[in-house]
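Trainee: Got a minute to go through this one with me?
Mentor: Sure, put it up.

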Amino acid sequence: MAEESESEKTEPASQKRLEQAREEGDVPRSREVATFTVLMTAGAGLWMTGSGLVRDLSSAMVSGLALTPEQIYHPDVLLTRVGVDIGRVMLACLPLGLAVMMVALISPMLVGGWLFSGKAIAPNFMKLNPINGLTNMISTNALVELVKAIGKTIVVGFVAYLVVMRQREAVIQLVTEPLKLGMAHMIEMLAMSFMFIVGSLGFIAAIDAPYQLWHYANKLKMTRQEIIQESKESDGNPQIKGKIRQMQREMAKRRMMADVPTADVVVTNPTHYAVALKYAEGSRGAPKVVAKGTDEVAAKIRELAKEHKVTILEAPPLARALFKHSDIGDEIPERLYAAVAEVLAYVYQLRMFKPGLRYPDRPTKLDVPDDMDPHNPASQKKN
């Protein structure tokens, strides 16, 4: 099987690519859906408010044509009357206009959602390039738009023909009805016919909306190389990430070393491990590990402990167990409570020691479970 060309866009667009396209004002849109919803709302509103609209407009027209001598000879009075009549007409059309405007604002949510992008309205002189214009004219999208236009013409024309043929007798009967009743009846007929004709656009919109979503997804597809490159850019340069991690480790190390002088005791191996413990008197919690390290770090911990007169106790099994099973800032494991309590008791006895008193005995046999000491065969067998 031949290998897939790297130039072929076979991978779905990443989230970053979609967000970037949205920032540039590129979202899926279906003009057919927007046109259908707005026109259908206008037709339905005209059908529901037709009789009332005719009544209000007729009243405004009669009022506007009935002029008094005062209005004829005084332009100011006439202008006031005209303004009132215009206000009545606008008020009569207001419900229908508000309904159409609201639907026009909401319809973009059906496909693509609301979007305002400054980049989309910024001047782009590349759009004036005649070569790009010719390319768009012979593109697949242009062919689809042509097919849609032909389809709309055929569907709408056919439905309009059926509606007109069905309403022809009712149209002829309008001349026999009174003026106001005939006008209301005519508006209802026009609105109903309009809704049937616009309803045929729903068929086109139902096809166009899924196509626009598919076309948008297909347009934003990426090659495998673009996916790899974007992943590298998102993850960052490995060398830079390594440098950042090194700086973070150094900062954590400096913070850890700053806590060593506040420790109560430093438990050592004596050379390979060092763990600094601190217990807040009156606290309900267990002692915490404020610093730990091996080799050079352990040597630095011991050096700081000596400099600030922090007690150093050689207890290899306990030091190794604390190093393996505790993290900096954590409380010691529950199974090491007894051993650490004995160590802290020794530290407090040293603090209370005065010349002439018996010197505290250094703890030698601490209760450290065998499976917690990484150098104990029992721990190795368990792991």
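Mentor: We'll take a strand, a pocket and a helix in turn, and keep in mind that this is a predicted model.

Trainee: Strand 4 first. Which side chains are buried there?
Mentor: Thr311 and Leu313. They point to one face of strand 4, residues 311–314. Ile312 and Glu314 point to the other face and are not buried.

Trainee: Why the alternation?
Mentor: In a regular strand, side chains alternate between the two faces of the sheet.

Trainee: And strand 1, parallel or antiparallel to strand 4?
Mentor: Parallel, over four bridges. Strand 1 covers residues 265–268.

Trainee: Which residue of strand 4 is the bridge partner of threonine 268?
Mentor: Glutamate 314.

Trainee: Switching to pockets. What's the volume of the second largest one?
Mentor: About 230 Å³. It is lined by 13 residues, and the closest to its centre are Val27, Arg29, Asn141, Gln212 and His215.

Trainee: Which helix gives the largest share of that lining?
Mentor: Helix 8, with four residues. Helix 7 (140–173) and helix 8 (179–219) each supply at least two.

Trainee: How does the lining split by class?
Mentor: Six charged, four polar, three nonpolar.

Trainee: Last topic, helix 12. Which residues are buried?
Mentor: Leu318, Ala319, Arg320, Ala321 and Leu322, within a helix of residues 316–325. Note the arginine in that list.

Trainee: What covers them?
Mentor: Strand 1 again, among others. The cover also includes strand 2 (273–278) and helix 13 (337–352).

Definitions and conventions
Residues numbered from 1 in each chain as written. Predicted model: local features only at pLDDT ≥ 70, side-chain atom pairs only at ≥ 80, totals over all residues. Heavy atoms only, no water. Buried < 20%, exposed > 50% of the residue type's maximum accessible area, 1.4 Å probe, protein only. Pairing = 2+ DSSP bridges. 1 Å grid on protein atoms, 1.4 Å probe; cavity = no way out; pocket = protein on both sides within 12 Å on 5 of 7 lines; lining within 4 Å. Points joined across faces, edges and corners; volume = space filled by probe spheres on them. Nonpolar A, V, L, I, M, F, W, Y, C, P; charged D, E, K, R; others polar. Contact = heavy atoms within 4.5 Å.
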